[in-house]
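The following report describes the fold, the helix packing and selected residues of one protein chain.

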Amino acid sequence: PYTGADAEVQARLAALAPLVADNPAQTRALGELTVLARQRLREMAGVLERFEAGDRAGALARIHEGFGRRLMDEIRARAAEMRASEEALLAGRGDQA
């Protein structure tokens with residue numbers, strides 16, 4: 001499941017790039033979101049590596065540290081900010097029409 005998720009996340013982030021290319025703020029936000037997503041995927045990979053190497057306690061300890069959760073919370077917040085910004089732009093364009 002992790003391998004599929006990694007590829008899907010990368011594909012979705014890549015698909016967003018042309019959609020926000022005309023907006024420098026959104027392009028920066030997407031870059032930041034991409035960095036966070038890669039960090040989260042590396043964190044997941046690290047936990048899985050420990051688990052698969054037989055270090056279940058180490059994997060659980062890493063999970064309980066909460067770094068992955070904090071990253072995921074930040075990813076959700078950034079994505080929500082981007083969505084809100086795009087919705088505001090869309091509403092503004094509708095008002096102008």
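How many helices and how many strands make up the secondary structure of the protein chain? The secondary structure comes to four helices and zero strands, where helices (H or I, at least four residues) and strands (E, at least two) are DSSP runs numbered from the N terminus. This is a predicted model, in which local features need pLDDT of at least 70 and side-chain atom pairs count only at pLDDT 80 or more, while totals for chains, interfaces and linings use all residues. Residues are numbered from 1 along each chain as its sequence is written, and side-chain values use heavy atoms, with hydrogens and water left out.

**Overall form**

Read from the N terminus, the elements run α-α-α-α. The radius of gyration of the protein chain is 17 Å, well over the 13 Å that the globule rule gives for 97 residues, so the chain is more spread out than a compact globule. This radius is taken over C-alpha atoms, and the globule rule is 2.2 Å times the number of residues to the power 0.38. Along the principal axes, the C-alpha atoms fill a box of roughly 60 × 20 × 20 Å. Of the 97 residues, 23% count as buried; buried means under 20% relative accessible area, exposed over 50%, and partly exposed in between (1.4 Å probe, protein chains only). Among contacts (heavy atoms within 4.5 Å) between residues at least 6 apart in sequence, 65% join residues at least 24 apart.

**Core and helix packing**

The largest nonpolar core has ten residues, namely L13, V20, A29, L30, L33, L36, A37, L71, I75 and M82. Helices α1 (2-20), α2 (24-52) and α4 (67-96) each supply at least two residues of this core, and the largest share, five residues, comes from α2. Such a core is a set of buried Ala, Val, Leu, Ile, Met, Phe, Trp, Tyr and Cys residues joined through side-chain atoms within 4.5 Å. Not counting residues up to four places away in sequence, L30 touches L13, L16, A17, V20 and M82.

How do α1 and α2 pack, and at what angle? Their axes lie 10 Å apart, at an angle of about 175 degrees, which makes α1 roughly antiparallel to α2. Axes are lines fitted to C-alpha atoms, for helices over the stretch in contact, and angles run from 0 to 180 degrees between N-to-C directions; those under 35 degrees count as roughly parallel, over 145 as roughly antiparallel, 65 to 115 as roughly perpendicular and the rest as oblique. In this pairing, residues of α1 including Y2, D6, L13 and V20 meet residues of α2 including Q26, L30, R38 and L48.

**Three individual residues**

The table places three residues by helix and accessibility.

| Residue | Helix | Relative accessible area | State |
|---|---|---|---|
| E43 | α2 | 7% | buried |
| E74 | α4 | 31% | partly exposed |
| F51 | α2 | 46% | partly exposed |

Not counting residues up to four places away in sequence, E43 touches R62, F67 and G68. With the same exclusion, F51 touches R56 and A59. F51 and A21 are 30 residues apart in sequence and 40 Å apart in space, C-alpha to C-alpha. E74 and R56 are 18 residues apart in sequence and 26 Å apart in space, again C-alpha to C-alpha.
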